[in-house]
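Me: Please take a close look at one part of this chain, the strand pairing around a buried serine and its neighbours, and then set it against the rest of the fold. Plain prose is fine.

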Amino acid sequence: MSNVKFEVELYQPMCVWLQQKLTDVYRNQKCQIIVEDSHAITLDKVLTKHNLIAQYPQAVGLDIQIDVTGIVIFSHKSELFFIEAKKNALTLHDLGQLWAYCKLIDPQGAYLLSSHSLGCLDKILKNLNREDMLDFGKQKTIKKMCVGKWDVLRKTIDNNSIVPKI
């Protein structure tokens, strides 16, 4: 099985992957890490549930549903991580959706992952060298969304596919 039948099958393995990634990145810091399948509820409800909506007032009333949401909570701030999962080849529309979420909310990190392929984004990002289309952030802090292929069997990102290279 190299792909899934339903997109929802990707969410739990991606939650496990993101939980491990955030645990590794923040292992020496005093924080709480929460990762959840949030595809069925809006981001403002996720943030309200964890008493963080005051830190992200721009999320209130927006119909944003992130497939997997990661939250790192420190004593006086929090950081968000988004994963948008697709079972089909990625499209410019998929990238635009995540980009809009990133521009509105400004998460610490964001991933667009497909269990099929990078689709037309492969040409745009690699052949046309348009990694600038992954940029988001505020003021001088420019961050990049990561786009990649999700390996269903290994339950992780195919490191050869990831753009930008990390």
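Reply: The model is predicted. Read from the N terminus, the elements run α-β-α-β-β-α-β-α-β-β-β-β, which amounts to 4 helices and 8 strands.

The part to start with is Ser-78, in strand E3, which spans residues 78–86. Ser-78 has a relative accessibility of 9%, under the 20% limit, and therefore counts as buried. Its side chain makes a polar contact with the side chain of Gln-55, at 2.8 Å. Gln-55 also appears among the residues that Ser-78 touches beyond four places in sequence, together with Leu-52, Tyr-56, Ile-71, Val-72 and Ile-73.

One of those partners, Val-72, belongs to strand E2, residues 68–73. Val-72 has a relative accessible area of 0%, so it is buried. Outside its own stretch of sequence, Val-72 touches Lys-77, Ser-78, Glu-79 and Phe-81, and also Leu-22, Tyr-26, Cys-31, Gln-32 and Ile-33. Of these, Ser-78 lies in strand E3, while strand E1 covers residues 32–37. A longer step along the sequence leads from Val-72 to Gln-108: the two are 36 residues apart, with their C-alpha atoms 9.6 Å apart.

Ile-34 gives a view from strand E1, residues 32–37. With 12% relative accessibility, Ile-34 is counted as buried because the limit is 20%. Its contacts, leaving aside residues within four places, include Thr-69, Gly-70, Ile-71 and Ile-73, and strand E2 is the run 68–73. Gln-19 and His-50 are also in contact with Ile-34. Ile-71 and Ile-73 are thus touched by Ile-34 and also by Ser-78. Thr-48 is 14 residues from Ile-34 in sequence, and the C-alpha separation of this pair is 14 Å.

Cys-120 offers another setting. Cys-120 is found in helix H4, and its relative accessible area of 39% makes it partly exposed, because that value falls between the 20% and 50% limits. Not counting residues up to four places away, Cys-120 touches Leu-90, Thr-91 and Leu-92; Leu-92 is in helix H3, which runs over 92–105. The C-alpha atoms of Cys-120 and Val-68 are separated by 23 Å, with their positions 52 residues apart along the chain.

Two loops carry backbone angles worth checking. Most residues other than glycine have a negative phi, and most peptide bonds are trans. Asp-106 has a positive phi near 60° and sits in the loop between helix H3 and strand E4 (109–114). Asn-129, also not a glycine, has a positive phi of about 50°. Its place is the loop between helix H4 (120–127) and strand E5 (135–138). At 57% relative accessibility, over the 50% limit, Asn-129 counts as exposed. A further backbone point comes in the segment after strand E8 (156–157), where Pro-164 is placed. The peptide bond from Val-163 to Pro-164 is cis, with omega near -5°.

Asp-151 lies in strand E7, residues 146–151. The side chain of Asp-151 reaches two backbone nitrogens: that of Leu-153 at 3.0 Å and that of Arg-154 at 2.9 Å. Beyond its neighbours within four places, Asp-151 is in contact with Thr-156 and Asp-158; Thr-156 falls in strand E8.

The values for the whole chain give the background. A compact globule of 166 residues would have a radius of gyration near 15 Å, and the chain has 15 Å, so the two agree. Along the principal axes, the C-alpha atoms fill a box of roughly 40 × 35 × 35 Å. Of the 166 residues, 48% count as buried, and Ser-78, Val-72 and Ile-34 are among them. Among contacts with a separation of 6 or more, 63% join residues 24 or more positions apart. The accessible surface comes to about 8,800 Å², and carbon and sulfur atoms account for 53% of that area. There are 21 positive and 18 negative side chains, and the centres of the two sets lie 4 Å apart.

Methods:
Residues numbered from 1 in each chain as written. Predicted model: local features only at pLDDT ≥ 70, side-chain atom pairs only at ≥ 80, totals over all residues. Heavy atoms only, no water. Rg over C-alpha atoms; globule rule 2.2 N^0.38 Å. Buried < 20%, exposed > 50% of the residue type's maximum accessible area, 1.4 Å probe, protein only. Contact = heavy atoms within 4.5 Å. Areas by Shrake-Rupley, 256 points an atom, 1.4 Å probe, with all protein chains shown as cover. Lys, Arg positive; Asp, Glu negative; His and termini not counted. Charge placed at Lys NZ, Arg CZ, Asp CG, Glu CD. Polar contact = N/O pair within 3.5 Å; in protein donor to acceptor, adjacent residues only side chain to side chain.
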